[in-house]
Amino acid sequence: MEQTATTSEDAVDQEVHPHHHPAQDALDLISHLIGAMELTPLVAVHCMDHARNVQFWNDSCRLLYGIDGDGALGKPLNGLYTFEDQAARDAILEQVWQTGQPSPAADWRVRTADGRDLWVYSMLFPVVRGGVVRQVFCMDVDVTARKQLERQLNLAAQVFEYSRDAIVLMDRQRRIIAANHAYAQVTGRTEQQMLGHDFISVQSGFEDTELCHRMWREVDDDGYWQGEIASRRAGGDPFPGWLALTAIRDAQGNITNYMGILSDISDRKKAEERTRHLAEHDYLTDLPNRVLLQDRLSQALAAARRHQAMLAILYIDLDHFKQVNDTLGHPVGDALLKEVAARLVRCVRGADTVSRYGGDEFLVLLADIGGSGQAAHVAGSILQALAQPCVVEGHTLPLSASIGISIFPGDGGSIDELIARADVAMYHAKQNRRNSFQFFNPHMHAQASERAGLEQRLRAALAAGEFTLHYQPEIDVRTGQPVAMEALLRWCDPQRGVQAPQHFLPVAEAAGLMPAISQWVLREACGAAQRWRAAGQDLVVAVNVSPAQFAQLPHAVAEALAATGLPPDGLELELTEDLLMKCHDAPALLQALHAQGVRLAIDDFGTGYSQLGLLKTYPVGKLKIDRSFTGAHDGAAIAATVAMARSLHMQVTAEGVETAAQLDLLRSHGCDYYQGLLAERQVEGGELVQLLR
Ligand SMILES: Nc1nc2c(ncn2[C@@H]2O[C@H](COP(=O)(O)OP(=O)(O)OP(=O)(O)O)[C@@H](O)[C@H]2O)c(=O)[nH]1
């Protein structure tokens with residue numbers, strides 16, 4: 001360092017004192033200054049001559065630019081280090097040479113010869129003698145560290161300002177000292193409305209003082225708190241916010257500031273709300289579903305217990321709703337369910353709950369009723385509201401429901417018990433007189449248990465081989481010979497003995513057992529007919545078709561014929577008018593069965609409302625006149641039916657024939673076949689009986 005200094009002073013002396021100019025004092029001063037500068041390692045000083053060659057280079061220059069005096073002196077300055085904006089620097093230097101005025105001090109970015117980038121705070125001083133600039137001194141201070149810090153601060157300020165998170169800074173007293181753009185946007189406040197104000201008061205609406213105390217205590221103790229707050233915008237508009245608060249401490253660990261990051265979580269809350277709504281409501285009617293109902297029921301039950309009050313459950317099941325789906329399609333059914341939901345809601349108070357319990361079942365909870373009369377009143381208004389015809393997609397649909405009512409505490413103490421009993425009461429309403437309501441009573445309970453037992457025994461009956469078929473002959477009126485046998489189902493109930501279908505079929509139907517039972521009947525009957533054939537009796541077997549089986553019938557028939565080997569025309573399927581009227585797929589199904597070669601007959605003819613136009617299109621070979629016509633000796637009805645059947649190229653069987661007089665009447669009207677007690681007696685007297693057994 002010393003050597004460099006000496007060398008530098010010599011260099012300056014050569015130029016500064018060559019002729020002992022009167023301005024010696026000034027030069028001495030500069031020399032002193034240079035000496036002083038040498039002592040400060042912070043200031044890199046160099047001096048250049050007119051040719052821009054270095055004449056002086058202090059030790060700080062060596063430290064800063066990585067080149068010692070030997071490497072610098074006499075060399076062109078431009079080769080020692082360069083400026084990022086070299087042209088601007090050259091222009092400033094030129095100006096100093098031209099004007100003899102020092103340059104303003106400024107920060108310059110430079111690159112050293114060994115490839116380092118630095119920032120220097122630099123100033124140029126001309127040495128003027130005789131009105132001519134002789135040298136220019138340059139003083140550089142390394143400000144790289146400051147520049148980096150500045151840049152970091154600048155970056156931090158930009159992050160703060162442009163962050164999408166709403167950030168607020170507070171002092172120790174929790175007064176706002178800075179808030180970024182996002183914060184101003186979220187809260188809708190200007191800087192003036194925030195700066196210097198207490199954070200909580202600016203958040204106005206954050207009125208939960210207990211939460212507020214806990215929050216600050218946690219921040220002060222643990223340094224951090226986050227949670228949901230009820231916030232309010234400048235105009236008073238409330239919004240849910242998520243606030244994260246952090247305490248900022250100095251080197252001694254004392255809290256100096258607080259930082260808060262606030263998010264508007266309205267959208268998230270709405271999405272959560274929507275998800276919860278979906279989980280608790282029925283997608284079609286938007287009524288509370290079972291989940292929410294369960295919740296409301298528990299609350300209502302707890303409240304009723306506390307206040308020794310009563311509540312009622314109304315179990316509502318629409319009457320014949322399936323028909324709407326079957327005849328007009330599911331979309332119409334859906335629209336009807338929505339309309340029912342709306343009507344039910346209009347029949348109750350806000351405190352009550354209307355819920356969709358399942359398919360066409362609704363459950364109404366009447367919380368806190370004065371007595372059962374109130375439940376009856378609501379049930380009555382529901383029936384009345386539903387009775388108004390409902391127009392859906394241009395169809396005017398009659399609507400009714402059966403309602404069962406259970407009351408707490410009389411009918412049960414638990415939710416399950418109360419619902420089960422309302423269900424039992426509803427079932428009774430449905431059985432006795434649809435479009436009505438029934439209160440639960442213990443007698444119903446016994447019947448329900450009986451029914452449950454029956455259902456259980458029926459479930460086991462098929463596997464246990466408890467079903468049998470009885471055969472009822474159909475006799476040719478002219479020849480007196482049997483032509484067909486109608487298969488009739490019987491169940492040997494282990495508890496009750498042999499049961500006729502009307503005693504167990506409704507329960508089997510409700511329990512969903514009919515498809516399996518019907519298939520068994522079909523297979524068993526075809527097998528029997530095939531055995532009769534093998535024994536020389538060419539009798540057709542007639543099987544009644546159940547509604548549960550109709551849609552799958554072509555498949556079931558194919559399966560039964562294949563399994564037994566019975567030719568298709570050995571099987572006759574009897575379909576009631578009612579079934580044909582209710583099933584909108586009936587024409588297609590009948591065509592499919594006809595194509596399979598089986599015989600088709602319309603059963604119980606005269607009890608339904610078959611339209612002649614439709615009948616004509618059915619590939620049906622026979623009409624069976626209901627016993628109510630035959631038994632009434634209704635010659636006119638029989639004559640008309642036979643005439644109509646003839647015009648449709650169908651044969652006619654009369655059912656329920658008991659006396660020879662009835663048979664004579666049928667014969668006189670040209671009826672083809674008959675069934676009934678008279679026919680059975682005739683067969684019993686013949687050899688067929690043995691065979692059939
Ligand atoms: N359109 C529509 N139908 C449904 C929906 N959920 C269930 N169902 C139908 O609702 C019908 C309910 O029938 P049930 O109550 O057993 O029969 P029902 O015809 O009303 O007869 P009863 O109750 O004895 O009067 C079934 O056919 C279901 O397929 C739904 O969301 N939309």
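## Exercises on a predicted model

**Exercise 1.** Which residues of α13 and α14 meet, and how do the two helices cross?

*Solution.* In this predicted model, the residues Phe321, Val324, Asn325 and Leu328 of α13 meet His330, Val332, Gly333 and Leu336 of α14. Sorting the residues of this contact by class gives five nonpolar, three polar and no charged residues. Turning to the geometry, the axes of the two helices come within 7 Å and cross at roughly 140°.

**Exercise 2.** Find which residues surround the ligand most closely, and which elements give two or more residues to the shell.

*Solution.* Begin with the shell itself, in which 16 residues surround the ligand, the closest being Asp319, Phe321, Lys322, Gly333 and Gly359. Next, assign the shell to elements: β12 (310–318), α13 (321–328) and α14 (330–346) are those that give two or more residues. Finally, divide the shell by class, which yields four nonpolar, six polar and six charged residues. Phe321 and Gly333, listed among the closest residues to the ligand, also take part in the contact of α13 with α14.

**Exercise 3.** Describe how α17 and α18 pack, and decide whether they are roughly parallel or roughly perpendicular.

*Solution.* Helix α17 (residues 442–461) and helix α18 (residues 501–510) pack with their axes 10 Å apart, at an angle of about 85°. Because angles of 65 to 115 degrees count as roughly perpendicular, α17 is roughly perpendicular to α18. The contact is formed by Arg451, Leu454, Glu455 and Leu458 on the α17 side, and by Phe504, Val507 and Ala508 on the α18 side. By class, this contact holds five nonpolar, no polar and two charged residues.

**Exercise 4.** Locate the largest nonpolar core, and state which of its residues touch the most other members.

*Solution.* The largest nonpolar core has 58 residues, of which Cys526, Val541, Val543 and Tyr674 touch the most other members. Its largest share, seven residues, comes from helix α19 (residues 514–534). Taking Cys526 as an example, and leaving aside residues up to four places away in sequence, its contacts are Val541, Ala560, Leu561, Thr564, Leu566 and Leu571. A second core, separate from this one, has 48 residues, including Ile316, Leu386, Phe408 and Leu418. As general background, nonpolar side chains tend to be buried together in soluble globular proteins.

**Exercise 5.** How many helices and strands does the protein have, and what share of its residues count as buried?

*Solution.* The protein has 29 helices and 27 strands, and 31% of its 693 residues count as buried. As for contacts between residues at least 6 apart in sequence, 57% join residues at least 24 apart.

Key: Residues are numbered from 1 along each chain as its sequence is written. This is a predicted model: local features need pLDDT of at least 70, side-chain atom pairs count only at pLDDT 80 or more; totals for chains, interfaces and linings use all residues. A residue is near a molecule or strand if its C-beta atom, placed from the backbone, lies within 6 Å of it. Helices (H or I, at least four residues) and strands (E, at least two) are DSSP runs, numbered from the N terminus. Ala, Val, Leu, Ile, Met, Phe, Trp, Tyr, Cys and Pro count as nonpolar, Asp, Glu, Lys and Arg as charged, and the others, Gly among them, as polar. A nonpolar core is a set of buried Ala, Val, Leu, Ile, Met, Phe, Trp, Tyr and Cys residues joined through C-beta atoms within 7 Å. A residue is buried if 20 or more other C-beta atoms lie within 10 Å of its own, exposed if 12 or fewer, and partly exposed in between; C-beta atoms are placed from the backbone. Two residues are in contact if their C-beta atoms, placed from the backbone, lie within 7 Å. Axes are lines fitted to C-alpha atoms, for helices over the stretch in contact, and angles run from 0 to 180 degrees between N-to-C directions. Angles under 35 degrees count as roughly parallel, over 145 as roughly antiparallel, 65 to 115 as roughly perpendicular and the rest as oblique.
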